[in-house]
Amino acid sequence: MNNPTVWLNGELIALADAKISVLDRGFLFGDGIYEVVPVYHGKPFRLAQHLDRLERSLAEIRIANPYTRAEWEALFARLSATCAADPHSVYVQVTRGVAPRQHTFPKDITPTVFGIATPLTLPSREKVEQGVGAVTHEDRRWLNCHIKSTSLLGNVLMAQYAADHEVQETIQFRDGLLTEASSSNVWVIKHGAMAAPQRDNRILEGIRYGALESFAQECGIAFEERAVSEAEVRDADELLITSATKEVLAVVTLDGKPVGDGKPGPVFRALYAAYQRAKEAL
Ligand code: PDD
């Protein structure tokens, strides 16, 4: 893994040889979008949904999609084949490309496409069985959080805020309502029923959002997509976070106080098991 093979602008090359211009707008402006797809036993999990979101993100920031759907599928397969680790994840990023620095979109610019497959370290058994901690913070990010943009400074600061407090995640609130965590969606459970914020511009619609929705249905757990207040988060029986790399984890402390009885609960266990079954069924 010291010098993995990566994709850069149409070819598979060694990471050490993959170079881009310092005038790339991804570097200068964070002018790009990305995806992270988990791959189990060589099979991508919900690739179609990831590619749908990739297409939506590109359209939102008006970058012409450089590849057809079939080309994207082939690229993910080729990148996946470069990584022997199971599981692994495939990261791809598209930036607007290279041009002299000016804020507006340059004409006739070619997008930069980068991709890499890396071993995926899933949360430890201890985190799965005992849960993780989270802290809270006001959501100070922009209002286009539905775009999976590489402009992640707001998220980076919140991830570091969690690390500084020696917990897994920072759960954010905007105007007294739950949005999401620094790199995960958040789920609130009360009396066995689950709620999560609406899929709008205030959150990234995780690919695990749709997945958990269908696992909840499969397990007979009531689910509602609606505004969730900060008070509800603080009064939850269970809190869950989801992402490509964390799968689903129970949050058992919030700002140092126990969530519910301070242990992963029955809704977590049911959804975690459903997630593992879906992976095995790939
Ligand atoms: N992040 N919200 C934010 C802000 C995220 O960055 C992520 C994922 C999610 C969950 O989305 P998904 O279920 O598709 O992973 C929600 C990825 C893993 C990352 O930035 O590495």
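I looked first at the pocket question and noted that the largest pocket is the space taken by the ligand, a pocket being, on a 1 Å grid over the protein atoms alone, an open set of points with protein on both sides within 12 Å along at least five of seven lines. The model is predicted, so I kept in mind that local features need pLDDT of at least 70 and side-chain atom pairs pLDDT 80 or more, while totals for chains, interfaces and linings use all residues. Residues are numbered from 1 along each chain as its sequence is written, and side-chain values use heavy atoms, without hydrogens and water.

Around the ligand I found 17 residues (a heavy atom within 4 Å), the closest being Tyr34, Glu180, Ile207, Arg208 and Ala244.

I then looked up polar contacts (N or O pairs within 3.5 Å): a polar side-chain atom of Glu180 lies 2.7 Å from a ligand nitrogen, one of Arg208 lies 2.7 Å from a ligand oxygen, and a backbone N or O atom of Ala244 lies 2.8 Å from an oxygen atom of the ligand. Of the 480 Å² of accessible area (Shrake-Rupley, 1.4 Å probe) that the ligand has on its own, the protein covers 90%.

Turning to the largest nonpolar core (buried Ala, Val, Leu, Ile, Met, Phe, Trp, Tyr and Cys residues joined through side-chain atoms within 4.5 Å, buried being under 20% relative accessible area), I noted 42 residues, with Leu239 and Met194 among those having the most contacts inside it.

Key. Buried < 20%, exposed > 50% of the residue type's maximum accessible area, 1.4 Å probe, protein only. Polar contact = N/O pair within 3.5 Å; in protein donor to acceptor, adjacent residues only side chain to side chain. 1 Å grid on protein atoms, 1.4 Å probe; cavity = no way out; pocket = protein on both sides within 12 Å on 5 of 7 lines; lining within 4 Å. Sits in = over half its atoms within 2 Å of the grid points.
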